[in-house]
Amino acid sequence: MKVILRLVLFLFLAALIVASAFSYLQVQGERSRLEGELDSRASVLAESLQESVKSLLKTKSTKKLKSLAGRLANRERLMGISVYDSLSRRLASSSRFLAGLEDSLTQVDRVVSSGEAASAFLQVKKEKILLRTVPVFAEEKIAGAITVVYDAAFIDQRIEGIWKSNFGRLLLQTMLVILAAAFLIHWSVTGPVAQIVLWMKNLRTTGKGPRKIDIPRGDLLKPISDEIILMAKSLAAARSLQEEDAKMQVQPQTHWSPERLREFMHHELEGKRLLVVSNREPFMHKKEGSQIECIVPAGGLVTALEPVLRACGGVWIALGSGDADRETSDSRGKLAVPPDEPAYELRRVFISKEEEEGYYYGFSNEGMWPLCHITHTRPIFRLEDWMSYQNVNEKFAQTVLDEIKDDTEPLILIQDYHFALLPFLIKSKRPDARIAIFWHIPWPNPEVFGICPWKQEILVGLLGADLIGFHIQFHCNNFLESIDRFLESKINWEHFTVERQGKLTSVKPFPISIAFPEASDSSDSELLRVSGINSFRESVLKKIGLNAAFIGAGVDRIDYTKGILERFRAVERFFEKYPSFIGRFTFVELGAPSRTHIKRYHDLMAELDEAVEKINWRFQSENWKPIVFLKAHHSHQEINLFYKACNLCMVTSLHDGMNLVAKEFIASREDEDGVLILSQFTGASRELQDSLIINPYSIEEMADAILKALTMDQDERVKRMRRMREVVRERNVYRWAANMVTDLSRMRIKNKTESELIKHF
C-alpha cells in the first residue's frame, strides 16, 4: 500500500507541474492574442480618424476637435481620444483621465519625432490600459498625432478565468488518470505480487500453496509468476521426494513418481545417460505464417516416454518431421527440451522425402503395421521400401554411435517397429552398449509373421538387443515361436531367453502406462468441481452446439485398427434397439487424421464420413445428433474436456498393443465416475478388468454395453472406477521405465558373468 501512496503522490506532483506548465503556456498565448486584437482595434480607429483630424488641424478648430473626440467616447472599451499638434501639445481630449496621463505625452513625443505609430500597455490606478498613438501627416510633414486609450482590464480577467478553468480541468483529468493508473497497477502488479508472496508463504509454511495464482492474462508479471510456480513445484517435488523416502523406510511399496524414478535411475545407472530412439519426436517445430510454433505430436509413445526423459534426463533421438525443425536445431540437430523448462536433449535425424516414403509410409505402415495387427488388411511389401527401411535404420545407427562415442557401456532404449534392424547395427559396432527395444504393437503368430519376405533379417536385427519388451506375455510367446520357426537358436522357455551365436537376449512383458496426474488445477477441473457434472457436461455440449443428457466419447488416431467404423455401427444399433435414448445420447469421436495419403487410410476416412452422415440423417433432430465426428489434431486440454464430461468412453480396437487412451480416460476421472467400454483385443484389457470388456467385432455386444454403461448404478460405477484408477496409479509409466531399465542394466552384469564362466571352463 505504501508503494501505491508514494506512486500516487509522485504522480500528483508530476501532474501539478505538467498542468501548471501547460496552463502557463496557454495563458501566455491567450494574453498575446488578446493584446494583439485590442492593439489592432485601436490602430484601426486611430488611422480612421487621421483624415478628419488633419483637416481640423489645418483650420486649428479646437472646438470641432473636442466635438469629434467626444462623439467617439461611447465606443466599447474606448476610454478616450486625444489630439496633439506638431509640438506635442494637446489640442483636444475626450476624457479628464487622459489629461493627467503623463505617459501619453512621452509616447506622443516619440511618435511626432519618429513619424512611426507606437503602442503601450500601462498600469494606471490599478487598471490596465492600452495607449495607441499614430502620427498625422499634412503635405508629407507631421502635423500632429492622435492617441486612443482602451480599457485592457478585461485581458487580466480573461487570463484569470483561464487559470481557474483550464488548470482545474486539466488537474482533475490528470487525477482521474492517476487514480486509474493506481488501480491498474494494484490490479496487475502489486496485487499479483501480494498473491505470489502469500502463495510462497503458504508453500513455505504448509508445503501447499493455492492451486494457482490468478494473474490477469497477458500481465507483465506472467513470465515471473510462471517461473516462480515452476521453482515452487521443484521445491515441492524435492519435499515430496524427502517425504516419499521417509515413507519407503516404513513401507517398501509406494507409488512411482518422477522424483522416485530420478533417484532410482541415479543409483541404478550410476550417473549414465539414458538414450531413447524413436521415429516420433516429443516436440515438433512448425511454421505458422511468419511465426514458428512448438507443438507436441499426438500419440501414445510420446505420452508414455516424455515424462520418463523429464525425470531421468538424457537424449531423445528421433526423426525431425516439422518444417521448422532444422532452423530450430543446432548443426548436429540438437536442442534442449521442453522449451519452457529444459530437462533433456532432443537430437533430430533428417531424411529425404523419398526415404520417408519408403521407410515410414511403405515398409513400416503398409507392411509391418497391418502384418502385426491382423485386422484383415493385406500387408504390402516392396523391395524399394525395404531398401529405404535399411538405409534409415543405418542412418539412425550412425547418429546413435556418434552420440555415444564418449560413453562407456551406454544405455539405449529403442522404440517400436520402425527400428527392428537398429539393435544389431549398434551392437555390431559397440558390443559394450546396453540395448533394449520395446515393441509397442502386437507381435503376430508365426504363420502370419512368415508372410514378411525379410523375416529372418528382422529377427536377427531384434536379437541384437539385450532385452526385448512387449506389452503382454502373449506377444512374447508369439515372438519366441517366430524365432523357433525361422532362426537357428537356443530358446529357454523357462526364463524366456534366446541364445544365438553366443549372444543372450531376454524377452519379457512390460505393460506400458501413463504418468498418472495428481489433482488437476486446470480451469476445466475447477469448473467441474464448482458447477457439478451436469452443468459441466452441458457446457461441453454447448461448445459443439448440441443438447443431450448423456455423452459417449472416443479418442483415436484415425486408423483401421482402432475399430472406429464398428463403433459407429454399434451406436446406430444401440438407437435401433433402445429408441428411448434417441435425442438423449450423443457419441463424440475425436479423431486425429493420420497417414492420409496411404490409400487404405484415405478410404477409411471416406467410409467413416459416409457412416456418420448416414446415421445422423437417419436419427438427428434440430438440436441433436447421434454422432459428432471431430476430425483434427486435438490438444490434451480439448481431449480432457470430453474425458471428464462423458458418461462412457469407448475403446474398441480390433487389435492393439496396449492402448493408452483407456488409461488416460481412467486417470482423468477425478470424480471417480464414468464407464470404460474396452476391447478384449487390447493389452489394457488384461489390467482394467473393471471395464466393460467387449468383442469389437460383435455390434450387438457393443450396443448392449452402451446400454449397460448408461443405466449402471452410480455406486457400481464409482467402485469400478476407483479400482481401475488404483491400477493405473500403481502401474504408471515410471514403474514401467524402472522395471525395464533395471532388467536391462542387471542383465548385462549377468551376461558378463556367464561369458567369464564359459572362458574359465
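1. Two strands count as paired here if DSSP finds at least two bridges between them. Keep that in mind for the sheets below, and keep in mind too that this is a predicted model. With that rule, five strands make an open sheet in the order β2-β1-β5-β4-β3, with antiparallel pairing. Its edges are β2 (90–93) and β3 (118–124), each of which pairs on one side only. From one strand to the next, the twist averages 20 degrees.

2. Inside that sheet, have a look at β1 (residues 78–85) next to β5 (residues 141–151). They pair in the antiparallel sense over seven bridges. If you want a spot to click on, Ile81 stands opposite Val148 in β5.

3. Which way do the side chains of β3 point? They alternate: Ala118, Ala120, Leu122 and Val124 go to one face and are buried. Ser119, Phe121 and Gln123 point to the other face and are not buried. On the pairing side, seven bridges join β3 to β4 (residues 127–138), and the two run antiparallel. Leu122, one of the buried set, stands opposite Ile129 in β4. The two strands form a hairpin with two residues between them, and Lys125 in the turn has a positive phi of about 50 degrees.

4. Now the other sheet. This open sheet has 10 strands in the order β10-β11-β9-β6-β12-β13-β14-β17-β16-β15, and its pairing is mixed. The edge strands are β10 (334–337) and β15 (490–492), each pairing on one side only. Ignoring direction, neighbouring strands are turned by 20 degrees against each other on average. For a parallel example, take β12 (residues 411–415) and β13 (residues 434–438), which are joined by five bridges. There, Ile412 stands opposite Ile435 in β13.

5. On to the rings. Searching the whole structure turns up 34 aromatic pairs. In one of them, Tyr360 and Tyr361 have ring centres 4.9 Å apart and planes at 85 degrees, so this pair is edge-to-face; the cut-off for that label is over 60 degrees. Are these two tyrosines buried or exposed? Tyr360 has 9% relative accessibility and so counts as buried, and Tyr361 at 17% counts as buried as well, because the limit is under 20%.

6. Phe575 and Trp624 also make an edge-to-face pair, with 5.6 Å centre to centre and 85 degrees between the planes. This pair links distant parts of the chain, 49 residues apart. Phe575 belongs to helix α18 (residues 564–577), while Trp624 is in the loop between α19 (599–619) and β20 (627–631). Both residues are buried.

7. There is also an aromatic cluster worth displaying. Tyr359, Phe363, Phe381, Trp386, Tyr389, Phe396, Phe419 and Trp454 form one cluster. Elsewhere on the list of ring contacts, Arg326 lies over the face of Phe350, at 4.2 Å from the ring centre. The charged end of Lys455 sits over the ring of Phe486, 5.5 Å from its centre.

8. Helix α17 (residues 533–543) has Phe536, Arg537, Val540 and Leu541 buried. Why do these line one face of the helix? Looking down the axis of α17, the buried residues fall within an arc of 135 degrees, so they share a face. The general rule behind this is that an α-helix has 3.6 residues a turn, so residues three or four places apart point the same way. On the other side of α17, Asn534 and Lys542 are exposed. Just after the helix, Gly545 takes a positive phi of about 70 degrees.

9. Ile17 sits in helix α1 (residues 2–48). Its relative accessible area is 59%, so Ile17 is exposed; the limit for that is over 50%. How far is Ile17 from Leu171 in space? The C-alpha to C-alpha distance is 9.7 Å, although Ile17 and Leu171 are 154 residues apart in sequence.

10. Last, the whole-chain numbers. The protein chain has 24 helices and 23 strands. Of its 761 residues, 51% are buried. Among contacts between residues at least 6 apart in sequence, 71% join residues at least 24 apart.

Terms used: Residues are numbered from 1 along each chain as its sequence is written. This is a predicted model: local features need pLDDT of at least 70, side-chain atom pairs count only at pLDDT 80 or more; totals for chains, interfaces and linings use all residues. Side-chain values use heavy atoms; hydrogens and water are left out. Rings of Phe, Tyr and Trp (its six-membered ring) pair if their centres lie within 6.5 Å; planes under 30 degrees apart count as stacked, over 60 as edge-to-face and the rest as tilted. Buried means under 20% relative accessible area, exposed over 50%, partly exposed in between (1.4 Å probe, protein chains only). Helices (H or I, at least four residues) and strands (E, at least two) are DSSP runs, numbered from the N terminus. A charge sits over a ring if NZ of Lys or CZ of Arg is within 6 Å of the ring centre and within 35 degrees of the ring normal. The arc is that of the directions from the helix axis to the C-beta atoms. Axes are lines fitted to C-alpha atoms, for helices over the stretch in contact, and angles run from 0 to 180 degrees between N-to-C directions. Contact means heavy atoms within 4.5 Å.
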